[in-house]
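Reader: Could you take me through one part of this model at close range? I would enjoy a connected account rather than a list.

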Amino acid sequence: MIYKTDEPIEPFWAEFSSESNGRDPLAIQNSSVVIYSKTIRGITNVTNRIRYNGFYCWLMDSILREVNNGERNSLEEQTRYIRRGELLLAFMMVNEYPEVTGVSGSSYAKNNIDAIIDLATGADWDSPNRKNKTYWQGKLGAFGQYFIGSMRDLDLIYYPKEDLNIYTITEHGSELVLFPYAATG
């Protein structure tokens, strides 16, 4: 297509595109994300949802306390519990605090809050009943998509190691865990 200088050109870069889920019409957001993530450790595009760092630390600690010994070393089982925890949090927030935004899985929870809540169907990646629709399409949930990297950078979690094949919390991560266990002994 040839453009003439006397013809006004509409800003095609601002048109709605179904191909992109984000809002970065000038393609400068990614470079700024790279700059601030290299400059300030643990800062990401979901830093405004920092409450999740404590939630995931608490969830991982709870999983280690409650899961059967045989399943404790299973990344697949940990992922299952984390996904169910994310979905349960979304249902609780939609039900009790519908005005709060930025809750991972809240769209799914809003659409399914009137049904019988079945965490396995809504969260489990391998659920035979999921009908290709769960609260989060990525296998590791919002945790895997948004929080693993920054939580590692903030020294809150360890990546799975050869001897322990699951994510675990560091000493700093354990400081974020609420201490209900201290009251019970």
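Author: Gladly; let's settle on helix 6, whose buried residues pack against helix 2 (51-66), helix 3 (75-96) and strand 1 (157-158). Please keep in mind that this is a predicted model.

The residues of helix 6 that count as buried are Gly141, Ala142, Phe143, Phe147, Ile148, Ser150 and Met151. An α-helix has 3.6 residues a turn, so residues three or four places apart point the same way. Phe147, one of the buried residues, is also where helix 6 bends, by about 60 degrees.

What span should the 13 residues of helix 6 have at 1.5 Å a residue? The expected value is 18 Å, and the end C-alpha atoms lie 19 Å apart, so the two agree.

Now for what comes before and after. Ser127 sits in the loop that runs between helix 5 (119-123) and helix 6 (141-153). Is Ser127 buried or exposed? Its relative accessible area is 11%, and because buried means under 20%, Ser127 is buried. Beyond its neighbours within four places in sequence, Ser127 is in contact with Ala120 and Thr121. On the other side, helix 6 is followed by Asp155, which has a positive phi, near 60 degrees.

To put helix 6 in its setting, the protein has 8 helices and 2 strands, arranged along the sequence as α-α-α-α-α-α-β-β-α-α. Of its 185 residues, 32% count as buried. Among contacts between residues at least 6 apart in sequence, 54% join residues at least 24 apart.

Key. Residues are numbered from 1 along each chain as its sequence is written. This is a predicted model: local features need pLDDT of at least 70, side-chain atom pairs count only at pLDDT 80 or more; totals for chains, interfaces and linings use all residues. Side-chain values use heavy atoms; hydrogens and water are left out. Helices (H or I, at least four residues) and strands (E, at least two) are DSSP runs, numbered from the N terminus. Buried means under 20% relative accessible area, exposed over 50%, partly exposed in between (1.4 Å probe, protein chains only). Contact means heavy atoms within 4.5 Å. The expected span of a helix is 1.5 Å times one less than its number of residues. The bend at a residue is the angle between axes fitted to the seven residues ending there and the seven starting there.
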